[in-house]
Every structure is written in structure tokens, then in C-alpha cells.
Amino acid sequence: MMLMFETEPMQKLRIIFLAEDKPRVIKALHKFGYLDFRKSKLSLVDDSPLAYATQLYELLVRVEGALAILPKPKKIEGRFEHLPAEKLVKVLGKEKVVQEIYDIANRVSMLEESKQELEEALYIASGFSCTSINLSRLRSTKASIACYAGEAKNLEPLLASLHGTRGIALQECSNGKEVFFAIASDKSEEAEKALSSLYSAIRQGAAKELNLDNKYLQEDMQARQLARKLKQALEENEEERSMLKAKLEKIAKGHYAKLAAYAEMLHIELDRANASSNFKKTEKTSIIEGWVPKKKLDKLEEMLKKETKGKIAMEPIASDELAPTLLNRPKLLKPFDFAMVFFSPPRSDEIDPTWVFIFAFLIFYGFMVSDVGYGILSLILATWVTKVTNPEGMTYNAAKVWQLGTIPAILFGILTNQYFGLQLDQYFLPFRGIDWVKNVTSFMLASILLGIAELIIGLSFGFVNKYRHGEKLKAYSKLTSIGAIVLGALFTYGAFFGGFEKGINMLTGISTLVLFVATIVLGGSEGSEAMSLLTHTLSYTRLMGFGLTSVMIAYLIDLAFTPTLAHGILVFVLLVIAFLVLHTLNMIVSIFEGIVQGVRLNIVEFFTKFYTGGGIVFKPFAYKRMLTKEEKVVK
Amino acid sequence: MIGLESAIAAIGAGLAILGGAIGTGLAQEGIGSAGMGLLAEKPESTGQVLLFLVIPETLVIFGFVIAILIMLAAGLI
């Protein structure tokens with residue numbers, strides 16, 4: 001029973017083997033996946049990564065770069081046999097598809113650059129297509145010629161005033177909205193004066209100067225002809241890019257999974273190549289240190305002996321260092337391990353409260369939501385979220401916890417006869433359940449009792465933790481706290497609800513006071529915890545508070561917005577909309593509060609009685625295969 | 001017809017909730033603004049901020065419990 005509340009027992013090991021066996025030992029440890037390396041403190045030379053690590057890095061960058069260029073298929077399927085490092089280097093050296101992907105990517109990037117320049121040139125050439133200008137000659141003339149484009153309604157009056165002015169040559173072309181103009185002046189006083197208003201408007205942003213250096217404008221032809229040619233070039237550019245895009249899609253279809261598998265193999269081989277930087281070495285041996293779960297020790301020894309033909313020594317090391325924490329619950333409950341690591345993982349030398357957290361959270365959540373309709377709807381939503389999110393991410397794990405929480409929510413809903421706020425006995429079921437409104441006191445007592453139960457468990461854990469660490473007085477203060485809570489509850493029941501006779505009430509009252517003072521005295525620096533006993537117990541009444549609030553709001557929505565045809569079809573439709581929207585909002589608030597308050601009660605009220613946290617998460621030398629499988633062993 | 005005692009009890013219950021709600025609001029104002037500041041720098045702290053934000057809700061819960069007790073004693077529920 002106590003094992004449920006212990007983190008996985010760990011052993012620190014030193015493994016010594018012949019240097020020639022190193023690649024085999026590393027591979028076996030990687031496959032075994034239960035050794036968390038620690039740098040040895042022995043005064044020996046540090047080992048270095050295996051020789052081919054740099055080459056593998058280069059290949060990995062190249063393959064991952066190619067994968068980043070390819071469009072990612074919706075499903076990546078396949079199982080490719082793992083290739084050892086040497087073979088992988090050879091195979092990837094011959095793999096032509098990676099180079100082909102890079103060539104296509106370079107061509108696409110060139111075409112995209114040209115597209116931008118072509119579009120700019122087309123814009124200018126089209127703008128001047130009503131003139132006879134040859135844009136390629138404008139730069140070669142000795143006169144100062146500049147081309148501009150701007151809003152027609154602002155510029156046309158200014159341009160009109162320039163026509164006929166001596167020393168100014170002007171060509172313009174307007175499409176009603178925008179006007180394009182090329183202007184040259186002989187710099188005479190008269191010309192400069194006439195141009196001053198136009199230049200002032202240009203400086204204020206009425207027109208932008210056009211870039212005549214664009215290489216596509218250097219064709220010796222009139223603007224109209226050039227525009228036609230550029231349009232065609234742009235179409236060809238578009239066509240070629242589409243063709244290359246289709247080619248990349250085709251390559252992705254045929255090769256993405258294979259390349260992703262190569263990347264996975266390279267990651268695995270790189271892990272292995274770099275592993276030896278954690279080792280120490282002598283002339284002929286290698287030495288590894290690390291943590292292993294105790295239950296895996298025999299298997300590890302057997303496997304290493306097999307790999308090295310018995311030429312290996314394994315010795316346990318006594319260590320003051322804190323062992324890593326391995327949380328290893330069944331798959332269904334893994335999201336709770338994720339939540340514990342997210343909050344703060346338990347230290348390996350303290351009680352692991354995850355099992356209590358799991359059950360308490362689920363009960364609290366069910367208590368606060370307690371509606372069959374909301375439960376079923378949120379089960380559907382949570383399942384959908386788990387289908388569309390990344391299994392390694394926070395959202396997925398939160399949705400998994402939420403999904404599990406819907407089961408107690410439905411069960412509590414059945415118990416309290418709540419179906420979207422409606423009670424089925426009003427319609428067709430004889431079962432009335434425990435009515436929330438008529439049993440407020442009972443629900444309040446139930447939530448306080450749940451709180452007392454969890455606090456007693458927390459204080460018991462606190463006793464064990466303190467006792468183990470030799471803090472005996474503080475450990476005893478946990479026991480007096482338990483006594484104060486239990487007797488305090490009995491006193492409240494006797495004195496305020498007439499549960500016991502006066503004499504008994506006196507006895508429980510005085511005992512509670514004595515235990516309360518004892519908690520303060522024995523607790524020392526943590527004696528102030530005594531003050532929180534009452535507030536933390538009462539804090540659990542939020543279970544009733546949030547449960548009742550959700551039920552009352554659902555009840556009021558039903559009362560005011562239950563759709564009826566009595567007032568016509570329009571009112572009926574409006575009522576349906578209001579009914580659905582309000583129930584959805586109530587459900588969202590109810591679920592959100594259920595999760596947040598359920599977690600909070602555990603972390604603030606329960607954990608503060610014993611929990612230190614800050615454990616080091618166990619990170620074994622291991623890998624997860626998604627697209628590859630182990631290579632066949634050749635005997 | 002509700003008697004004077006019941007009316008006073010109902011007002012008392014309302015005040016109990018009101019006090020708790022104001023206290024919670026004042027506490028959450030500070031925690032919320034500080035939390036938003038933290039999230040701007042460290043978005044990964046959302047979980048912790050959310051947790052700190054709900055801690056003062058205990059005050060309104062106490063108000064709610066007292067209101068229920070008053071109403072029970074006055075025979076209103």
C-alpha cells in the first residue's frame with residue numbers, strides 16, 4: 001500500500017567495461033532505456049564523442065533542411081529498418097533526392113525574386129503604355145529624366161499647368177485613379193519655378209519615384225510592347241513555380257516518410273555518438289555512472305554481460321546526491337504525471353502524492369460539475385481536443401485529465417438528477433436523486449468531510465516525511481494537527497448541531513484547544529500551520545459552492561428560456577438560441593472552475609501539509625521510434 | 001409575508017457574500033495585473049498564474065458559507 005506513495009526506488013551504479021566494447025555497450029544501454037547518466041567524479045580523463053559525430057551532424061542538418069522544404073504530408077507512415085551510423089553515411093551519400101530537393105528550392109527562390117522584379121517592371125511599363133516612351137532609353141539620355149506615379153486627382157491639375165512651359169518635357173498617362181508621368185527639365189529658372197509646386201507635392205508623398213534601374217525595363221522597345229512581354233514572362237514564371245511546387249509535392253509523397261526516418265536514425269546515432277562524452281576512460285577501459293530503477297538492475301546486468309561476453313563490472317555507489325524521480329503510472333493516468341512534473345515533481349526522498357491527487361481531483365471535479373448533460377458534452381469536446389493536439393503537449397494532457405473528469409461529473413449528475421439543469425423525475429423517471437437545493441446542508445457537510453479526509457491524508461504524509469528526515473517534533477506536530485481537526489469537527493458537530501451531550505462537547509472542545517496549542521509549539525517555524533487548519537477545512541466548502549452555483553444557473557436558464565411554441569415561431573427560435581448559448585456559457589464556466597478549483601484544492605490545501613517538490617525528473621538515455629524499427633541482428 | 005427577522009437575516013447573508021466578493025476582487029486585482037506582467041515575459045507560467053489568481057476566491061467562499069449558515073439558522077432555506 002505504502003509503495004503507491006513512493007517514487008520508483010533508484011540505485012546509482014558504476015559500470016566498467018573494455019574500451020573496444022564501447023559502441024556495443026552504448027547501443028545496448030540506449031535500447032535498454034533505463035540509465036540516467038551522471039558525470040563521474042573519479043579523477044580520470046573525460047571521454048569524448050565518437051569520431052563520426054561531426055559527420056552525422058552535417059547529414060542531419062542536410063536531411064532536416066530538405067524536410068523543411070518539402071510540404072508535410074497529413075499522415076507520415078512507414079517503418080524503416082534502422083541503419084547503423086556507417087551504413088547511414090553511405091546510403092545518404094548516394095541519396096540523390098536530397099540534392100534534387102535543394103536544387104528545386106534554389107530555383108523556386110530565384111523565380112520568386114524574379115517575380116517581384118517582373119511585377120514591379122510590369123507595373124511601370126503598364127503605367128506608361130498609353131505613351132510612346134521607351135523606358136530603356138530614359139536612363140541613357142543626358143537630360144535629367146525621372147518617372148513618377150501617384151493619385152490622379154491630386155496630380156493631374158499640377159501636371160496640366162506644366163504643359164507648354166518652356167524647358168520642360170512631360171509625358172503622362174492616367175488610368176483615372178493613378179497617373180504615371182516622366183518629366184525632364186533644362187534646369188532653367190523658368191522651368192524650376194514651374195516645377196516647384198509639383199516637387200513640393202511629391203515631397204509630401206503625392207507621388208513615388210519609379211525605379212528605372214529594374215533589369216526588366218532595359219529592353220529596347222516601347223512601354224506598351226514591353227508590358228505585353230513582361231506579362232507573358234510573369235505567366236511563365238508562375239507556371240514554372242507551380243510545376244516545381246507540384247514536383248516537390250510528388251517528391252514529398254514518395255520520399256517524406258523515408259527522409260523523416262533517416263532523420264530519426266541520425267538522431268538516434270547522434271545520441272549514441274555523443275553519449276561517451278558522459279564517460280571517463282583509462283587506457284583500456286571506459287567507465288559510466290548513472291541512476292537505474294532498482295527493479296531493472298538484474299535485467300541491465302544480464303544484458304550488458306551478454307553484449308560484452310561477461311567482460312564487465314557493475315558496482316552500486318553510495319551517494320548523497322538526490323536520486324532522480326521516475327513517475328511511471330499506467331498510460332491512462334500519464335497526464336496526471338505530466339501535471340505533477342509541470343507543477344513540481346516530487347523529490348525521490350518524499351511521499352509521492354500523485355495517486356491521492358488523481359482520485360481527489362476526479363471526485364472534486366465531479367462534485368462541482370455534477371450534470372449528466374454537461375458531462376457528456378464535455379466528454380465529446382475533450383475527446384475531440386485529444387484527437388487534434390500533440391500528445392506531448394500541455395493541451396493534450398489537460399484534455400486527457402478533463403476527459404477522465406467527465407466520468408465522475410456524469411456519475412454525480414445521475415446521483416443528483418441533473419440533466420442540463422433539468423430534473424428527469426419531472427418528466428419520466430421516478431428517480432429523484434439527491435436534490436441540490438433541498439440538501440444544501442448535506443452537500444456542505446459532505447464537502448467538509450471530503451476536505452477533512454484529504455487534510456488528514458496530507459498531514460499523515462507530512463508526518464512520514466518529517467519523521468524520515470529526523471525532524472521528530474515537526475512530525476509529531478502533524479499528528480497533533482490531525483487530532484485537532486478530528487476533535488474540532490466532533491466539537492462543532494456536538495456544540496452547533498446538538499450531536500453530543502454537554503460534557504462530551506466540553507471534553508472535545510478543550511482537547512481541540514490543547515492539540516491546537518501543541519501543534520504551534522511542536523511545529524516550531526512551521527507552527528503557524530495550525531492557523532490554517534480551520535481555513536483550509538472550510539476552503540473545501542467551495543465544492544458545494546461551485547456545484548450549487550452551476551446547478552442554480554442551469555435551473556434559472558431552464559426556468560426562463562425553455563423553448564415553447566406558445567408565443568409563435570420567432571420567439572421559439574430566439575428561446576432555442578438563448579437556451580443553447582446560456583447553457584454553453586454555464587458549462588464552460590462550470591468546467592473551468594471545476595478544473596481550476598479541483599487543482600487548487602490539491603495544491604494549496606493538500607500539498608502544503610507535506611509537499612516539498614522540486615525533484616529531478618529521471619531522464620534516461622533512451623529514444624522513441626516513430627518511423628523506424630530495430631535493425632536485424634546478423635548472427 | 002416575510003418577517004423582520006427573516007428580512008434582516010437575508011440582508012446579513014447578502015452582506016456576507018458582498019464582503020467576501022469585494023475582498024476577493026481587491027486581491028485578484030493585484031494578482032491579476034502582476035500575473036499579466038509575468039505572462040508577457042514568461043508565457044509558459046500560465047498555469048502558476050491561474051493558480052495564484054484563484055487563491056483569494058477562498059474569501060468569497062467563506063462569505064458564501066456564512067450566508068448559507070445565516071439562511072439556515074433563519075429558516076430561509
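Across all chains of this predicted model, a search of the whole structure finds 30 salt bridges. One of them joins Asp21(A) to Arg24(A), with the closest N and O atoms 2.4 Å apart. Asp21(A) has a relative accessible area of 2% and is therefore buried. Arg24(A) is partly exposed, at 41% relative accessibility. A further salt bridge brings together the side chains of Lys39(A) and Asp46(A), at 3.9 Å from N to O. Lys39(A) is partly exposed, with a relative accessible area of 41%. Asp46(A) is also partly exposed, at 40%.

Glu526(A) and Lys474(A) form another salt bridge through their side chains, at 3.9 Å from N to O. This pair links distant parts of the chain, 52 residues apart. Glu526(A) lies in the loop between helix 16 (502–523) and helix 17 of chain A, and Lys474(A) belongs to helix 15 (residues 472–497) of chain A. Glu526(A) is partly exposed, with a relative accessible area of 29%. Lys474(A) has a relative accessibility of 18%, so this residue counts as buried. Elsewhere, salt bridges with shared partners connect Lys12(A), Asp36(A), Arg38(A) and Glu321(A) in one network.

Helix 17 (residues 529–539) of chain A contains Ser532(A). Ser532(A) counts as buried because its relative accessibility is 15%, under the 20% limit. Residues up to four places away in sequence aside, Ser532(A) touches Thr537(A) and Lys609(A).

The interior was examined next. In soluble globular proteins, nonpolar side chains tend to be buried together. The largest nonpolar core in the model has 59 residues. Phe336(A) and Met544(A) have the most contacts inside this core. Helix 11 (residues 354–369) of chain A gives the most to the core, with twelve residues. A second core, separate from the largest, has 57 residues. Its members include Leu56(A), Val63(A), Val97(A) and Ala252(A).

Contacts of Met544(A) were listed without its neighbours within four places in sequence. In chain A, the partners are Phe367(A), Trp436(A), Val440(A), Phe443(A), Met444(A) and Ser447(A). Met544(A) is also in contact with Phe64(B).

A nonpolar patch also occurs on the surface, with an area of about 890 Å². The patch is made by Leu565(A), Ile569(A), Leu570(A), Val573(A), Leu574(A), Ile577(A), Val581(A), Leu585(A) and Ile588(A). Leu565(A) is placed in the loop between helix 18 (542–561) and helix 19 (569–606) of chain A. With 56% relative accessibility, Leu565(A) counts as exposed, because exposed means over 50%.

Strands 6 and 7 of chain A form a hairpin, with three residues between them. Strand 6 spans residues 168–174, and the two strands pair in the antiparallel sense over seven bridges. Within this pairing, Leu170(A) stands opposite Ile183(A) of strand 7. In the turn, Gly176(A) has a positive phi of about 95°. Strand 7 covers residues 178–185, and seven of its eight residues are buried, so the strand is largely enclosed by the rest of the structure.

Backbone angles were also considered. Most residues other than glycine have a negative phi. Lys309(A) has a positive phi, near 55°, although this residue is not glycine. Lys309(A) sits in the loop between helix 9 (297–308) and strand 11 (312–316) of chain A. With a relative accessible area of 73%, Lys309(A) is exposed. Asn417(A) is likewise a residue other than glycine with a positive phi, here near 60°. Asn417(A) is found in the loop between helix 13 (394–415) and helix 14 (440–468) of chain A. Asn417(A) is buried, with a relative accessible area of 0%.

One separation along chain A was also computed. Arg137(A) is part of helix 5 (residues 135–138) of chain A. With a relative accessible area of 48%, Arg137(A) is partly exposed. Arg137(A) and Ala53(A) are 84 residues apart along the chain, and their C-alpha atoms are separated by 59 Å.

Technical notes
Residues numbered from 1 in each chain as written. Chains lettered and ligands numbered in written order. Predicted model: local features only at pLDDT ≥ 70, side-chain atom pairs only at ≥ 80, totals over all residues. Heavy atoms only, no water. Patch = residues over 30% accessible without salt bridge, like charges linked within 9 Å, V, L, I, M, F, W, Y side chains within 5 Å. Areas by Shrake-Rupley, 256 points an atom, 1.4 Å probe, with all protein chains shown as cover. Salt bridge = Lys/Arg side-chain N within 4 Å of Asp/Glu carboxyl O. Helix = DSSP H or I, 4+ residues; strand = E, 2+ residues; numbered from the N terminus. Buried < 20%, exposed > 50% of the residue type's maximum accessible area, 1.4 Å probe, protein only. Pairing = 2+ DSSP bridges. Contact = heavy atoms within 4.5 Å. Core = buried A, V, L, I, M, F, W, Y, C linked by side-chain atoms within 4.5 Å.
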